[in-house]
Amino acid sequence: MPPAASQKVLTYEVQERVLCFHGPMLYEAKVLEVKKSEDKKELPEYKVHYKGWKNTWDEFVPADRLRKMNEENLRLQKELNDNTKPSSKRTNPTPNAKAGMKMSSKAGSEDLPGSSGTLPPRGQKRGRELEIEKEEDFMKRHDIKITIPDNLKALLVDDWENVTKNQQLVPLPRNPSVSQILQKYRESMPKKREGSADADIFDEVIAGLKLYFDKSLGTILLYRFERQQYMEIRKEHPGKEASDLYGAEHLLRLFVSMPELLAHTNMDPQSISKLREHIEDFIRFLGKSPEQYVAEHYESASPRYIDLSRGL
């Protein structure tokens, strides 16, 4: 008996190993469940579990975020890694580095030394306990999850392909810029009573997002191919911040990296949860009308630019 029409679109099976886009990156995953729509015209969604990730990251994704596990797509995954890692100066904190971060304990906040040799003999046991607590606390922070709508995830994939595959660039300076987008978001929100706690928190979130973007752009948000453009635009506009020159395309990349950035802060879980709510509200704001903020066309790089970019 031939399969029903609704089954013909099921290109992935339960328990099948696949590659799945999460932001601009491809991760190994396994299909856990297939959710079919009652409307036969709508494509099914697949619940996936990312290899090496906790179950809290399991999610339903549309078929266009999945790729078959084959040599061609594994090469694509490697290219994605190669194009993002060189411009990223992140390092995984070592246990000693983590121990140097400020932490809270029942005895109050204290800074642990960078090496165990600096602890006095009587404090060694308590020091080890604190370091274990710190390790557990650090790992818990990696559970931070920021929801990005599928339409914005698709834009992230297009952005990656434009830059890394098609050798195209976002036209700069962007209009609207990140600063202008944040201001539009501020103006779209109901006015809060000046001096109130809600108003202060909202202002801090807006200022914090701008600061995160300015500090992160040159180190973790650029693909290798964009570094030459970054050097050129900063020379042309020496007095301007990155948030005044770049736009939504690079801001979306920040939100992909945000969970890891927040995991390295000293914020308590309640503060992180509150911040995540504000960030997700802003992302929903972008997702309502992304065409207002994302460049309609990318610019093709000149042969001269391509030659220069290879030297970086």
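**A guided tour of the predicted model**

Begin with strand β4 and select Glu59, which is the bridge partner of Val48. The model under view is predicted. With both residues displayed, extend the selection to the two strands that carry this part of the chain: β3, residues 45–50, pairs with β4 in the antiparallel sense over four bridges.

Next, select Tyr46. In β4 its bridge partner is Val61. Tyr46 of β3 also has Val34 standing opposite. To follow that second link, add strand β2, residues 25–35, to the selection; β2 and β3 run antiparallel and are joined by six bridges.

Now display the whole sheet. In what order do its five strands lie? The order is β4-β3-β2-β1-β5, the pairing is antiparallel, and the sheet is open. Colour β4 (59–62) and β5 (66–68) separately: these strands stand at the edges, and each has a single partner strand, so one side of each is left without a neighbour in the sheet. Neighbouring strands of this sheet are turned against each other by 50° on average, with direction ignored.

**The crossing of α7 and α10**

Hide the sheet and select helix α7 (residues 197–221) together with helix α10 (residues 269–288). The two pack with their axes 11 Å apart and at an angle of about 70°. Are they roughly parallel or roughly perpendicular to each other? Angles of 65 to 115 degrees count as roughly perpendicular, and α7 and α10 are therefore placed in that class. The crossing in which α7 passes α10 is right-handed.

Show side chains at the contact. From α7, select Ile201, Phe202, Val205 and Leu209; from α10, select Leu275, His278, Ile279 and Phe282. By class, this contact of α7 with α10 comprises seven nonpolar residues, one polar residue and no charged residues.

**Helix α8 and its cover**

Move to helix α8, residues 227–236, and select its buried residues, Gln228, Gln229, Tyr230 and Ile233. What covers them? The cover includes strand β8, helix α7 and helix α11 (303–309).

**Strands β8 and β9**

From that cover, proceed to strand β8, residues 168–169, and select Gln168. Is Gln168 buried or exposed? Its relative accessible area is 16%; since buried means under 20%, Gln168 counts as buried. Leaving aside residues up to four places away in sequence, Gln168 touches Asn162, Val163, Phe225, Tyr298, Glu299, Ser300 and Ala301.

One of these residues, Glu299, is the next selection; Glu299 lies in strand β9, residues 299–300. At 43% relative accessibility, Glu299 counts as partly exposed. Its contacts, again without residues up to four places away in sequence, are Gln167, Gln168, Leu169 and Pro171. A distance label between the C-alpha atoms of Glu299 and Pro171 should read 6.1 Å, although these residues are 128 residues apart along the chain.

**The whole chain**

Finally, restore the full chain. Its secondary structure comes to eleven helices and nine strands. Of the 312 residues, 41% count as buried. Among contacts between residues at least 6 apart in sequence, 71% join residues at least 24 apart.

Definitions and conventions:
Residues numbered from 1 in each chain as written. Predicted model: local features only at pLDDT ≥ 70, side-chain atom pairs only at ≥ 80, totals over all residues. Heavy atoms only, no water. Pairing = 2+ DSSP bridges. Axes fitted to C-alpha atoms, helices over the stretch in contact; angles between N-to-C directions. Buried < 20%, exposed > 50% of the residue type's maximum accessible area, 1.4 Å probe, protein only. Contact = heavy atoms within 4.5 Å. Parallel < 35°, antiparallel > 145°, perpendicular 65-115°, else oblique. Left-handed = near helix turned anticlockwise from the far one by under 90°. Nonpolar A, V, L, I, M, F, W, Y, C, P; charged D, E, K, R; others polar.
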